[in-house]
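Hello,

Here is the structure I promised to pass on. Please open it alongside this message; my notes follow below.

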Amino acid sequence: MRALARLAAIAMALICGHAFAADEDALNRKPVRAIADARLSVGGQGILPLYLSSDWSMPLPAISRAIIVLHGRLRNADEYYISAHNAQLAAGDVGKSALMIVPQFLAEIDIEAHKLPADTLRWSLSGWEGGDAALAPNPLSSFEALDAILAKLSDRRIFPNLKQVVVAGHSGGGQVAQRYAIAGRGEAALSRQHIDVRYVIANPSSYAYFGAERPKPSIAASCPGYNNWKYGMGDRPSYLADATPAALEQRYVEREVIYLLGTLDTNPEHSALDKSCMAEAQGANRYARGHAYADIMAKRDNGTPNHRVWDVAGVGHDGEKMLTSKCGLEALFDLPGCAAER
């Protein structure tokens, strides 16, 4: 009942706007409309707000799949929770055994506007997308917050029958999912419990490359920072500093990754598209950048990537439609149907 009431409240707040229509525009400089109602302690050094479809303070033997959905640059976890719930409903009986998790990476303006406790984690407006350290209360990487979620899911006392965890994100959240698939340490705790992990990366503006090659080399040549993190392996944040680029690439190649690319996400002037020279060197639009990145990864000499690229036909930069498409449902819930949709 609590989950239904929460969804109803969020839906009323969103009735005047679409959840993902302008995911990464200048509105990210305004305080968020809503703060997630659950809390997770990250190493005893800060509190992360998040939405949960079930109370994980008690055993959940019916849960066999956990799906983490990462919000975009607007930090609008409330809207992403609605779309995560809609995807869960669209999955039918399979969705009933899933726990939907939507963490919220807040900024200082959100803390002030909502008068949140001092121990609430907060990052710069976009630093959390690449694993930067929090501004307060302690310098925890946003990736450490994700590690803490995965550690919670590895607890067999709470999740005795969990078999798979999916880390998914759209747009800005897709950027987080892609970088965490490279850098994240949390998968180790799940592997020890024989829990599979998959990363679903939907329509991000950019990717982290492992080498100097780019689809647009002429732009890269005139862009001094094109190969720095979060676009490349240079100048990586402290969370990644103790691993070599080769080790990070080997880890990424071995991980199960699905790239979901909307075939209509092709507007080179989209208000939310990263238009920095670092991103422009990767291609003209999100659809082109995604395919170019996957092609370059497939040609590198570090083994065949455990990665798949799925086009979502007829969908542009719309997270709701991406997650609830047949390809989205197969990526999240293993429901067959993507081949017919592509």
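**What turned up**

Ala221 sits in helix α7, which covers residues 217-221. This is a predicted model, so please read everything here in that light. Ala221 has a relative accessibility of 71%, over the 50% cut-off, and therefore counts as exposed. I also checked Ala221 against Leu48. The two are 173 residues apart in sequence. In space, their C-alpha atoms are 40 Å apart.

Next, the α4/α5 pair. Helix α4 spans residues 142-153 and helix α5 spans residues 172-183. They pack at an angle of about 75 degrees. Their axes are 11 Å apart. That angle falls within the 65 to 115 degree range, so α4 and α5 are roughly perpendicular to each other.

Which residues meet there? From α4 come Phe143, Leu146, Asp147 and Leu150. From α5 come Val176, Arg179, Tyr180 and Ala183. By class, the residues of this contact divide into 6 nonpolar and 2 charged, with no polar ones.

Last, Ser154. This residue lies in the loop between α4 and β5, the latter being residues 164-170. Is Ser154 buried or exposed? Its relative accessibility is 13%, under the 20% cut-off, so Ser154 counts as buried. What does Ser154 touch, leaving aside its neighbours within four places in sequence? Its contacts are Ala189, Leu190, Gln193 and Ile195.

Over to you.

Best wishes

Definitions and conventions. Residues are numbered from 1 along each chain as its sequence is written. This is a predicted model: local features need pLDDT of at least 70, side-chain atom pairs count only at pLDDT 80 or more; totals for chains, interfaces and linings use all residues. Side-chain values use heavy atoms; hydrogens and water are left out. Axes are lines fitted to C-alpha atoms, for helices over the stretch in contact, and angles run from 0 to 180 degrees between N-to-C directions. Helices (H or I, at least four residues) and strands (E, at least two) are DSSP runs, numbered from the N terminus. Angles under 35 degrees count as roughly parallel, over 145 as roughly antiparallel, 65 to 115 as roughly perpendicular and the rest as oblique. Contact means heavy atoms within 4.5 Å. Ala, Val, Leu, Ile, Met, Phe, Trp, Tyr, Cys and Pro count as nonpolar, Asp, Glu, Lys and Arg as charged, and the others, Gly among them, as polar. Buried means under 20% relative accessible area, exposed over 50%, partly exposed in between (1.4 Å probe, protein chains only).
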